[in-house]
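Subject: Structure handover

Hello,

Here is the structure I said I would pass on. My notes on what was found follow below.

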There are 2 protein chains.
Amino acid sequence: MEKYFEVLCMCPLFRDIAHWELTKALRCLNARVFSFEKGEAVMNESEPAKYVGIVLTGSFQIVRTDFFGNRSMIANLIPGELFGESFACAGVEVVPVSVLASEAAEVMLIDCLKISHSCSNACQFHQQMIDNLLQIVAAKNLVLHQKIEVTSKRTTREKLMAYLMLQAKQFGSLEFEIPYDRQELADYLEVERSGLSAEIGKLRRQGVIEADRNRFKIYKPFDV
Amino acid sequence: MEKYFEVLCMCPLFRDIAHWELTKALRCLNARVFSFEKGEAVMNESEPAKYVGIVLTGSFQIVRTDFFGNRSMIANLIPGELFGESFACAGVEVVPVSVLASEAAEVMLIDCLKISHSCSNACQFHQQMIDNLLQIVAAKNLVLHQKIEVTSKRTTREKLMAYLMLQAKQFGSLEFEIPYDRQELADYLEVERSGLSAEIGKLRRQGVIEADRNRFKIYKPFDV
DNA sequence: TTTTGTATGTTGAAATTTCAACAGAGGGGA
DNA sequence: TCCCCTCTGTTGAAATTTCAACATACAAAA
């Protein structure tokens with residue numbers, strides 16, 4: 001378990017929990033680590049919402065697939081980030097999304113009830129974790145608001161530029177990589193892949209952006 | 001303040017807080033009540049995110065307006081519901097939405113810091129409120145997921161039917177009222193109002209739904 | 001009652017997206 | 001090296017949406 005300490009210390013769930021307490025905390029929480037191959041699911045749509053997951057290594061994607069097989073991409077998760085917390089905390093019966101490994105990856109799963117309920121050992125950190133959880137869930141809200149901001153645009157071009165500008169802002173540079181390939185980006189923007197490729201080509205020819213695989217560069221940030 | 005006790009008792013923020021403690025709590029929180037006319041804003045885009053609002057009477061809408069004046073509808077709020085909590089808890093500098101009264105309405109505003117920070121009077125309820133807040137923020141997440149589920153559909157018809165089915169499910173009946181007029185519904189679904197009206201007309205002629213103003217009835221729930 | 005204004009429905013043309021199909025590039029393995 | 005497979009870009013037709021404009025219904029105000 002110790003080999004994950006570095007990422008766990010960075011994890012917002014354990015913020016302000018003393019380093020020496022972490023081992024005890026993990027035991028008390030009955031935290032367990034699992035490995036996944038690319039494409040495997042940690043969590044499946046319609047499963048009960050019981051666990052909080054923490055990405056240890058690799059990356060995962062939160063996706064939702066509707067009745068007709070249409071996929072939407074909700075978010076990408078990197079080490080230190082959580083998933084499942086909102087559904088577990090809200091007490092829903094089933095999760096409305098799947099969480100899939102986008103490469104070989106490891107997660108730590110914790111029963112959410114163990115976080116909020118103090119154990120018989122009277123561990124001190126439960127309260128701190130609830131405070132942390134509140135901030136994490138609130139931050140997740142912002143991520144969803146951001147997706148809504150992007151996808152509420154009416155054309156593929158506007159959606160793409162809105163997304164790229166946000167990435168540039170978050171990355172602090174007009175040149176950056178995104179965590180999605182074309183199909184995944186299309187699923188995030190809620191548009192057709194072919195139409196997205198066409199639009200990227202057009203923006204490239206117009207000198208607005210440069211795009212190579214998942215690497216983008218914005219030349220004219222305001223020429224949307 | 002007492003006249004609002006009924007709605008405050010139903011408010012999830014005060015769940016499991018003793019009735020007799022409420023008066024004390026409201027004073028400790030420095031809770032204040034404000035009135036608004038239809039169309040007035042309690043909260044404006046780009047204002048600091050400091051307050052949690054509780055709807056006391058009337059109703060409000062959470063909307064977001066982009067650079068070009070395009071409006072999206074995020075949610076409708078009825079008495080007992082909260083707004084602003086996610087932004088305040090996440091500690092963002094500015095809120096990304098506006099909250100507007102959709103009729104004459106009253107809200108109670110509370111400085112979010114007063115909820116999480118115990119006061120000098122050593123009030124007991126702070127911890128309970130944080131627990132409550134966690135559930136509320138998590139539930140807000142589900143509301144956003146729901147909007148994404150609806151708006152991720154590609155056609156106006158699919159978006160509309162997805163929305164109506166969800167409403168029917170939540171209302172527990174195939175006949176129900178929605179809190180939006182046509183323009184507002186279009187803003188929620190992220191489509192053109194005229195196209196929405198046309199689609200409603202088509203569904204009506206096809207005998208799939210009945211629609212009169214904001215009252216809807218679904219005849220063939222699976223014929224999407 | 002008449003006037004005024006708002007909400008909703010309708011329509012046709014222009015713009016955009018979806019859909020299906022295929023071509024080329026590049027990587028990995030045999 | 002060759003083959004296979006995945007990813008990305010391209011294309012044209014069909015479907016859908018947007019946009020602007022106007023008609024109608026209804027309710028509130030004069």
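**Symmetry of the two copies**

A turn of 180° with a shift of 0.0 Å along the axis lays chain B on chain A with an RMSD of 0.0 Å, the superposition being by least squares on the C-alpha atoms of residues with pLDDT of at least 70 in both. The two copies are thus related as by a two-fold rotation axis. In chain B, L134(B) has the C-alpha nearest the axis, at 2.5 Å. Both copies use the same surface: 100% of the contact residues of chain B recur in chain A (contact means heavy atoms within 4.5 Å).

This is a predicted model, in which local features need pLDDT of at least 70, side-chain atom pairs count only at pLDDT 80 or more, and totals for chains, interfaces and linings use all residues. Residues are numbered from 1 along each chain as its sequence is written, chains are lettered from A and ligands numbered from 1 in the order in which they are written, and side-chain values use heavy atoms, with hydrogens and water left out.

**DNA strand D**

DNA strand D is surrounded by 15 residues, the closest being R182(A), S197(A), R204(A), T156(B) and E192(B) (near means a heavy atom of the residue within 4 Å). Helix α8 of chain A, residues 193-205, gives the most to this surface, with five residues (helices are DSSP runs of H or I, at least four residues, numbered from the N terminus).

Of the strand D atoms within 4 Å of the protein, 66% belong to sugar or phosphate and the rest to bases. Phosphate oxygens of strand D lie 2.9 Å from a polar side-chain atom of S197(A) and 2.4 Å from a backbone N or O atom of T156(B).

Regards

Definitions and conventions: A polar contact is a pair of N or O atoms within 3.5 Å; within protein, one must be able to donate a hydrogen and the other to accept it, and residues adjacent in sequence count only if both atoms are side-chain atoms. Helices (H or I, at least four residues) and strands (E, at least two) are DSSP runs, numbered from the N terminus.
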